Structure formats: C-alpha cells, structure tokens
Amino acid sequence: MALKTLLMFLSVSIMATSFSEAQNPLGIVHVNGTLYCTINGGSNGPATPVFTSASVQLECQPANLVVTSSVTTNAAGRYDVTALPGNATLNAILSSCNLVVNTPLSSCNANLPSTGPLISPLQFVKTVPAGFLRVTYLIATGFQII
C-alpha cells in the first residue's frame, strides 16, 4: 500500500512539474555577478575593491511580475539573486526588471555618493535544464546611480 501511495505521489509530482514548465518556460531566474566599490559598480582594474555587505535585489515594474528575494553581497562582493517569474516572458523581464543596489556607495568608500541606488538593466545569457526545472541566467549590463 505504501508503494502504491509513493508511486501515485511521484506521478502527480511529475505531472505538476511538467505542467508548471509549460506555464513557465523560464523556470528559475538567476542573476549573479560581482559588485565593486566604484561609481558604476564595475571593476577599474585588479586593484578595485569589492562592495561587501551591499543589499542587492531584482525589482520589476509591475511589482507582481517576478517574485524576488533580496540578497547581500559576500566578502568577495558576489551576489546570487534567484527569482520565480511566474508566467512572465523573457522579454517582459528584460524590459521591466532591473538589478538594484540599495546600500549607499558611501558605505564602502566615504568619497562616493551617499544618495541614490545603483541600478542596472539585465541581459539574457542562457536557459539550461536542471533536472525537472529550467534555470534562466541573466547578468547586469552596467550599473548607474539614479
């Protein structure tokens, strides 16, 4: 009886996963990179310091386009943001979502501005299968203070 229940559960799980993939061809959206302590968040060479402990999040307009999570850069300035896009298309995400750093630049260098977030549009890299899901990789194309 337990085996029959387990097989039924697995069948339903596989069908639900297949249905959710049909509804969401992007799967999980993943944006990663390194944030530097500069006016544009980019590296100016090997001696450029990284921006540690910065709050980074994926923001979309309208806000319900993507379920987001906020992350904090690690000691190497790396961020890994993952989101579930629901039924959003890739074009909708690329045209309405940005990667936003809400931590002021002055927190990593007192000579940099203390107001205005760093904001970057996104660029598609690839979508790859990952078991029963898909992962769509995006990158920040260049931060600017707004």
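Two strands are taken to pair if DSSP finds at least two bridges between them, and in the predicted model described here this criterion is met by strand E7 (residues 122-130) and E8, which are joined by eight bridges and run antiparallel. Within this pairing, Leu-122 has Ala-140 in E8 as its bridge partner. The two strands form a hairpin with two residues between them, and Gly-131, which lies in the turn, has a positive phi of about 70°. Strand E8 (residues 133-140) also pairs with E1, here in the parallel sense and over four bridges, and His-30 stands opposite Tyr-137 of E8. Tyr-137 takes part in a further arrangement, in that the charged end of Lys-126 sits over the Tyr-137 ring at 5.9 Å from the ring centre. As for pairs of aromatic rings, the count comes to zero.

The protein as a whole contains two helices and nine strands, and from the N terminus on these elements follow one another in the order α-β-β-β-β-α-β-β-β-β-β. Of the 146 residues in the protein, 31% are buried. When contacts between residues at least 6 apart in sequence are considered, 58% of them join residues at least 24 apart. The exposed surface of the protein amounts to about 8300 Å², of which carbon and sulfur atoms supply 61%.

Apart from the pairings of E8 described above, the model contains an open sheet of five strands, arranged in the order E3-E2-E5-E6-E9 with antiparallel pairing. Strand E3 (70-72) and strand E9 (144-145) are the edge strands of this sheet, each of them pairing on one side only. At the E9 edge, strand E6 (residues 118-120) is joined to E9 by two bridges, and these two strands run antiparallel. Leu-118 has Ile-145 as its bridge partner in E9. In general terms, the strands of a sheet pair through backbone hydrogen bonds, either parallel or antiparallel.

Two loops that adjoin strand E2 carry backbone features that deserve mention. The peptide bond from Gln-61 to Pro-62 is cis, with omega near 5°, and Pro-62 is found in the loop between strand E2 (55-60) and E3. In the loop between strand E1 (28-34) and E2 lies Ser-53, a residue other than glycine whose phi nevertheless takes a positive value, near 55°. Ser-53 counts as exposed, because its relative accessibility is 54% and the exposed class begins over 50%.

The count of disulfides in the protein comes to two. One of them joins Cys-37 to Cys-108, with an S to S distance of 1.9 Å, and because the torsion about this S-S bond is about 95°, the disulfide is right-handed. The pair links distant parts of the chain, since Cys-37 is in the loop between E1 and E2 whereas Cys-108 is in the loop between strand E5 (97-101) and E6, 71 residues apart. The two cysteines fall into separate accessibility classes: Cys-37 is buried, with a relative accessible area of 6%, while Cys-108 counts as partly exposed at 28% relative accessibility.

The other disulfide is formed by Cys-60 and Cys-97, whose sulfur atoms are 2.0 Å apart; with 105° about the S-S bond, the link of Cys-60 and Cys-97 is also right-handed. Cys-60 lies in strand E2 and Cys-97 in strand E5, so this pair ties together parts that are 37 residues apart in sequence. E2 and E5 stand next to each other in the strand order E3-E2-E5-E6-E9. Cys-60 is buried, with a relative accessible area of 4%, and Cys-97 is likewise buried, at 1%; for both residues the assignment follows because buried means under 20% relative accessible area. When the bonded cysteines of the protein are numbered in sequence order, the pairing reads 1-4, 2-3.

Key
Residues numbered from 1 in each chain as written. Predicted model: local features only at pLDDT ≥ 70, side-chain atom pairs only at ≥ 80, totals over all residues. Heavy atoms only, no water. Phe/Tyr/Trp six-rings, centres within 6.5 Å; stacked < 30°, edge-to-face > 60°. Lys NZ or Arg CZ within 6 Å of the ring centre and 35° of its normal. Buried < 20%, exposed > 50% of the residue type's maximum accessible area, 1.4 Å probe, protein only. Disulfide = S-S within 2.5 Å. Contact = heavy atoms within 4.5 Å. Areas by Shrake-Rupley, 256 points an atom, 1.4 Å probe, with all protein chains shown as cover.
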